[in-house]
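Me: Could you take a close look at one part of this structure for someone who has not met it before? Please keep it connected, and set that part against the chain as a whole.

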Amino acid sequence: MDGTDSQDVFISKWEYDQAPESQDHIKIDKRYGLFIDGKFEEPKSKKYFQTTDPANGKVLAKVAEASETDVDRAVKAARKAFKIWSGLPAKERVKYIFSIARLIQERARELAVIESLDGGKPIRESRDIDIPLAANHFFYYAGWADKLEYAFPGRKVKPLGVAGQIIPWNFPLLMAAWKLAPALATGNTVVLKPAETTPLTALKLAEIIRDSDLPNGVVNIVTGAGETGASLVRHPDVDKIAFTGSTAVGKFIRKSIAGTSKRLTLELGGKGANIIFEDAALDQAVEGIVNAIFFNQGHVCCAGSRVFVQESVADLVISKLKIRLNSLFVGDPLDKNTDIGAINSKKQLETIR
């Protein structure tokens, strides 16, 4: 060392050359319909909404807004397909689910870029975490599809029927995989509604599902905002609702299906605090806090919004946090140097502020 304070070295900003991910290999249509019964269709509502790049406000595509009539069409397609899909031998269902996983792998680079464009998350996270995990999830449940009798010994396992699934915007493709793969492995059919601010990778997944030759109607994807989701929740021929999102909406859904025979799974918002005691390995603790808070721009349940620190080490932890936070690179989500990309939408930014 030349006598320069090491802390000053870490506080100073490194200058990075730009390293943008190429967009030449992706294809985003100007307009997307609803994916119903194995094909893309115009919405009966004739309504479309825009999905934008939150980093610059650029319109990426126009996306169909499903009405109650459109949701009904999707549910009817799923009900019709249920007779075929649930009757297939499990070893046959395995082949389709495995095919979806392989196609996600083959199109991983395209999916990663579109995920970052539509949602604002850094390309490193989309490329290295979200897309590989989505493919792995389909692989995993392809493996389970013909082994369910071993998972529940002494019990006869049977599908519920048509599942209505509503997912949020923080992990668009991965959330779709979490919802779809187990439902398909157990013989159910699905109507999926992605978040209105991040529908593009779900629609790309619809293309993959179509290309996998999955029987028509087994997976249907309807896009739209809250009213589209409410139509799905209210539909009398849906057997199961699976929702990930805010606590307020979760309570609304629970009230909406009270007194019906519908099954319900809720994964609702909420964040735990980070707690540091004086005997912790402080450097590792600080790194863990930063990773948890800023992973996916903080749009994740493990991103603790509060940090409790034992008083005897509070000043030291705060000092280390300041140094570490100053080293984070905020910028273009498609730049491989970026640690923190764009907040998902202007509305979400206002909520945070």
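Reply: **A close look at T244**

Leaving aside its neighbours within four places in sequence, T244 is in contact (heavy atoms within 4.5 Å) with I166, I167, P168, M175, K179 and E267. The model is predicted, so local features need pLDDT of at least 70 and side-chain atom pairs count only at 80 or more, while totals for chains, interfaces and linings use all residues. Residues are numbered from 1 along each chain as its sequence is written, and side-chain values use heavy atoms, with hydrogens and water left out.

With E267, one of these partners, T244 also shares a side-chain polar contact of 3.0 Å (N or O atoms within 3.5 Å, one able to donate a hydrogen and the other to accept it; sequence-adjacent residues count only through side-chain atoms). T244 belongs to strand β9, which covers residues 240-245, and it is buried, its relative accessible area being 6% (buried is under 20%, exposed over 50%, partly exposed in between, with a 1.4 Å probe and protein chains only).

In the wider chain, 46% of the 353 residues count as buried, and of the contacts between residues at least 6 apart in sequence, 78% join residues at least 24 apart. The C-alpha trace spans about 75 × 50 × 35 Å along its principal axes. The secondary structure comes to 13 helices and twelve strands (DSSP runs of at least four residues, H or I, and at least two, E, numbered from the N terminus).
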